[in-house]
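Got your viewer open? Let's take a short walk through this model, one selection at a time.

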Amino acid sequence: MEMLPEIVNRRSIRAYTPEEVERAVLDRIVEAGRRAPSAKNRQAWRFVVITNRETRLKLQEACFGQEYIGEAAAVFALCTTNVEYKMPNDQYSHPVDIGIASAFMMLQAEHEKLGCCAVTTFNEPDVKSILSIPYKMRVVMLLTVGRPAEVPEPTERLPRERIVGYEHW
Ligand SMILES: Cc1cc2nc3c(=O)[nH]c(=O)nc-3n(C[C@H](O)[C@H](O)[C@H](O)COP(=O)(O)O)c2cc1C
(Lines give C-alpha, C1' and ligand atoms only; values in the text may rest on other atoms or scores of the structure.)
Protein backbone atom coordinates (compact mmCIF):
# COMPACT_ATOMS: atom_id res chain seq x y z
CA MET A 1 0.00 0.00 0.00
CA GLU A 2 1.60 3.30 -1.07
CA MET A 3 1.70 5.75 1.83
CA LEU A 4 3.50 8.97 2.67
CA PRO A 5 7.00 7.90 3.81
CA GLU A 6 6.74 10.32 6.76
CA ILE A 7 3.72 8.39 8.04
CA VAL A 8 5.35 5.02 7.54
CA ASN A 9 8.80 5.89 8.93
CA ARG A 10 7.85 8.01 11.94
CA ARG A 11 8.57 6.54 15.36
CA SER A 12 8.46 8.05 18.82
CA ILE A 13 12.10 8.90 19.51
CA ARG A 14 13.23 8.85 23.14
CA ALA A 15 17.03 9.19 22.68
CA TYR A 16 18.71 12.15 20.99
CA THR A 17 22.24 13.18 19.97
CA PRO A 18 23.55 16.51 21.35
CA GLU A 19 23.41 18.03 17.84
CA GLU A 20 21.55 21.34 17.61
CA VAL A 21 18.71 21.87 15.15
CA GLU A 22 18.79 24.99 12.97
CA ARG A 23 16.31 27.73 13.72
CA ALA A 24 15.00 27.57 10.12
CA VAL A 25 14.09 23.91 10.62
CA LEU A 26 12.32 24.63 13.91
CA ASP A 27 10.46 27.43 12.13
CA ARG A 28 9.24 24.98 9.49
CA ILE A 29 7.92 22.70 12.21
CA VAL A 30 6.07 25.67 13.74
CA GLU A 31 4.77 26.52 10.26
CA ALA A 32 3.37 22.99 9.92
CA GLY A 33 1.39 23.54 13.12
CA ARG A 34 0.30 27.00 12.00
CA ARG A 35 -1.14 25.54 8.81
CA ALA A 36 -3.10 22.81 10.59
CA PRO A 37 -6.89 22.96 10.52
CA SER A 38 -8.78 23.87 13.69
CA ALA A 39 -12.45 23.98 14.66
CA LYS A 40 -14.02 27.09 13.08
CA ASN A 41 -10.45 28.07 12.18
CA ARG A 42 -10.16 29.58 15.65
CA GLN A 43 -6.45 28.69 15.96
CA ALA A 44 -6.71 29.00 19.73
CA TRP A 45 -3.13 27.90 20.24
CA ARG A 46 0.35 29.13 21.00
CA PHE A 47 3.50 27.11 20.40
CA VAL A 48 6.40 27.81 22.75
CA VAL A 49 9.75 26.59 21.39
CA ILE A 50 12.47 25.89 23.93
CA THR A 51 16.09 25.27 22.93
CA ASN A 52 17.87 26.72 25.98
CA ARG A 53 19.58 23.81 27.74
CA GLU A 54 18.92 25.06 31.25
CA THR A 55 15.22 25.42 30.50
CA ARG A 56 15.14 21.98 28.88
CA LEU A 57 16.65 20.49 32.02
CA LYS A 58 14.00 22.22 34.12
CA LEU A 59 11.35 20.78 31.81
CA GLN A 60 12.96 17.37 32.24
CA GLU A 61 12.31 17.69 35.98
CA ALA A 62 8.71 18.75 35.29
CA CYS A 63 8.45 15.56 33.20
CA PHE A 64 9.40 13.43 36.20
CA GLY A 65 13.06 13.22 35.20
CA GLN A 66 12.62 11.59 31.78
CA GLU A 67 16.08 12.15 30.30
CA TYR A 68 15.17 12.49 26.65
CA ILE A 69 13.33 15.73 27.42
CA GLY A 70 16.63 17.40 28.36
CA GLU A 71 18.52 15.65 25.55
CA ALA A 72 16.28 16.83 22.71
CA ALA A 73 17.53 19.87 20.81
CA ALA A 74 14.13 21.49 21.18
CA VAL A 75 10.98 21.05 23.18
CA PHE A 76 7.76 22.49 21.83
CA ALA A 77 5.05 23.30 24.36
CA LEU A 78 1.75 23.10 22.50
CA CYS A 79 -0.63 25.32 24.44
CA THR A 80 -4.26 26.23 24.06
CA THR A 81 -5.47 29.77 24.59
CA ASN A 82 -9.08 28.68 25.07
CA VAL A 83 -10.23 25.66 27.02
CA GLU A 84 -13.92 26.56 27.02
CA TYR A 85 -14.92 26.40 23.36
CA LYS A 86 -17.12 23.45 22.50
CA MET A 87 -17.82 22.30 18.97
CA PRO A 88 -21.38 21.66 17.69
CA ASN A 89 -20.98 18.02 18.78
CA ASP A 90 -20.74 19.27 22.40
CA GLN A 91 -17.08 18.26 22.69
CA TYR A 92 -14.14 20.49 23.55
CA SER A 93 -12.14 21.63 20.55
CA HIS A 94 -8.73 22.19 22.13
CA PRO A 95 -7.58 18.57 22.46
CA VAL A 96 -8.66 17.93 18.87
CA ASP A 97 -7.07 21.12 17.53
CA ILE A 98 -3.79 20.57 19.33
CA GLY A 99 -3.83 16.88 18.42
CA ILE A 100 -4.07 17.73 14.72
CA ALA A 101 -1.46 20.51 14.94
CA SER A 102 0.91 18.15 16.73
CA ALA A 103 0.46 15.51 14.03
CA PHE A 104 1.33 18.06 11.33
CA MET A 105 4.40 19.09 13.33
CA MET A 106 5.50 15.48 13.89
CA LEU A 107 5.25 14.72 10.18
CA GLN A 108 7.22 17.86 9.28
CA ALA A 109 9.88 16.82 11.82
CA GLU A 110 10.05 13.40 10.19
CA HIS A 111 10.34 15.08 6.78
CA GLU A 112 13.33 17.02 8.17
CA LYS A 113 14.90 13.65 9.17
CA LEU A 114 14.45 14.54 12.82
CA GLY A 115 12.96 12.46 15.58
CA CYS A 116 10.22 13.57 17.89
CA CYS A 117 7.99 12.35 20.66
CA ALA A 118 4.63 13.54 21.94
CA VAL A 119 4.79 13.89 25.72
CA THR A 120 1.88 14.24 28.10
CA THR A 121 3.65 12.86 31.16
CA PHE A 122 4.35 16.20 32.82
CA ASN A 123 3.31 18.27 35.77
CA GLU A 124 1.40 21.08 34.07
CA PRO A 125 1.70 23.72 36.83
CA ASP A 126 5.48 23.20 36.85
CA VAL A 127 5.73 23.50 33.05
CA LYS A 128 3.59 26.65 33.14
CA SER A 129 5.75 28.19 35.80
CA ILE A 130 9.01 27.37 33.95
CA LEU A 131 7.70 28.90 30.71
CA SER A 132 5.77 31.84 32.26
CA ILE A 133 2.53 30.62 30.71
CA PRO A 134 -0.44 32.76 31.81
CA TYR A 135 -2.94 31.43 34.31
CA LYS A 136 -5.83 30.65 31.95
CA MET A 137 -3.75 28.96 29.27
CA ARG A 138 -3.18 25.20 29.28
CA VAL A 139 -0.26 23.12 28.08
CA VAL A 140 -1.86 20.24 26.20
CA MET A 141 1.27 18.48 25.00
CA LEU A 142 5.03 18.74 24.82
CA LEU A 143 6.85 17.65 21.69
CA THR A 144 10.54 16.77 21.84
CA VAL A 145 12.49 17.26 18.61
CA GLY A 146 16.08 16.37 17.79
CA ARG A 147 18.45 14.09 15.91
CA PRO A 148 17.65 10.50 16.84
CA ALA A 149 20.40 8.67 18.72
CA GLU A 150 18.55 5.43 18.06
CA VAL A 151 15.55 4.48 15.97
CA PRO A 152 13.36 1.82 17.54
CA GLU A 153 11.48 -0.89 15.72
CA PRO A 154 7.97 0.09 14.63
CA THR A 155 5.30 -0.39 17.26
CA GLU A 156 2.35 -2.65 16.49
CA ARG A 157 -0.99 -1.48 15.18
CA LEU A 158 -4.32 -3.23 15.42
CA PRO A 159 -5.29 -5.00 12.21
CA ARG A 160 -7.38 -2.98 9.78
CA GLU A 161 -10.45 -5.15 10.24
CA ARG A 162 -10.45 -4.38 13.99
CA ILE A 163 -10.54 -0.63 13.55
CA VAL A 164 -12.54 0.14 10.43
CA GLY A 165 -16.16 -0.27 9.46
CA TYR A 166 -17.38 0.60 6.00
CA GLU A 167 -20.95 1.88 5.78
CA HIS A 168 -21.76 0.88 9.37
CA TRP A 169 -20.00 0.20 12.72
C1 LIG B 1 -1.48 11.93 23.11
C2 LIG B 1 -0.17 11.21 23.24
C3 LIG B 1 0.53 11.25 24.44
C4 LIG B 1 1.76 10.62 24.58
N5 LIG B 1 2.45 10.76 25.74
C6 LIG B 1 3.67 10.18 25.85
C7 LIG B 1 4.44 10.35 27.01
O8 LIG B 1 4.05 11.05 27.96
N9 LIG B 1 5.64 9.75 27.09
C10 LIG B 1 6.13 8.99 26.06
O11 LIG B 1 7.24 8.48 26.18
N12 LIG B 1 5.42 8.79 24.92
C13 LIG B 1 4.21 9.38 24.80
N14 LIG B 1 3.49 9.23 23.64
C15 LIG B 1 4.01 8.41 22.53
C16 LIG B 1 3.26 7.06 22.42
O17 LIG B 1 3.63 6.23 23.48
C18 LIG B 1 3.58 6.44 21.06
O19 LIG B 1 3.12 7.30 20.04
C20 LIG B 1 2.96 5.07 20.89
O21 LIG B 1 3.50 4.15 21.80
C22 LIG B 1 3.15 4.51 19.48
O23 LIG B 1 4.53 4.44 19.16
P24 LIG B 1 5.13 5.20 17.90
O25 LIG B 1 4.84 6.68 18.08
O26 LIG B 1 6.60 4.92 17.89
O27 LIG B 1 4.43 4.71 16.68
C28 LIG B 1 2.28 9.89 23.49
C29 LIG B 1 1.58 9.84 22.29
C30 LIG B 1 0.39 10.50 22.16
C31 LIG B 1 -0.32 10.48 20.81
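Before we start clicking: helices here are DSSP runs of H or I with at least four residues, numbered from the N terminus. Keep in mind, too, that this is a predicted model.

**Stop 1: helix 2.** Select residues 23-34; that's helix 2, and glutamate 31 lies in it. Is glutamate 31 buried or exposed? Neither, quite: its relative accessible area is 24%, so it counts as partly exposed, since buried would need under 20% and exposed over 50%. Now add arginine 138, which is 107 residues away from glutamate 31 along the chain; their C-alpha atoms are separated by 21 Å.

**Stop 2: the sheet.** Next, show the strands. You'll find 4 of them in an open, antiparallel sheet, ordered 1-2-4-3. Colour strand 1 (45-50) and strand 3 (115-119): they stand at the edges with a single partner strand each, so one side of each has no neighbour in the sheet. From one strand to the next, the twist averages 20°.

Zoom in on strand 3 and strand 4 (residues 138-146), an antiparallel pair joined by 5 bridges. Click cysteine 116 and look across to strand 4: the residue opposite is valine 145.

**Stop 3: helix 5.** Select residues 94-111. This is helix 5, lying across strands 1, 2, 3 and 4, and it runs at about 155° to strand 2 (74-80).

**Stop 4: the start of the chain.** Finally, pick methionine 1, in the segment before helix 1 (5-9). Methionine 1 is exposed, at 79% relative accessible area. Add Met3, Leu4, Ile7 and Val8, and together with Met1 you have a nonpolar surface patch of about 530 Å².

Key: Residues numbered from 1 in each chain as written. Predicted model: local features only at pLDDT ≥ 70, side-chain atom pairs only at ≥ 80, totals over all residues. Heavy atoms only, no water. Pairing = 2+ DSSP bridges. Helix = DSSP H or I, 4+ residues; strand = E, 2+ residues; numbered from the N terminus. Axes fitted to C-alpha atoms, helices over the stretch in contact; angles between N-to-C directions. Contact = heavy atoms within 4.5 Å. Patch = residues over 30% accessible without salt bridge, like charges linked within 9 Å, V, L, I, M, F, W, Y side chains within 5 Å. Areas by Shrake-Rupley, 256 points an atom, 1.4 Å probe, with all protein chains shown as cover. Salt bridge = Lys/Arg side-chain N within 4 Å of Asp/Glu carboxyl O. Buried < 20%, exposed > 50% of the residue type's maximum accessible area, 1.4 Å probe, protein only.
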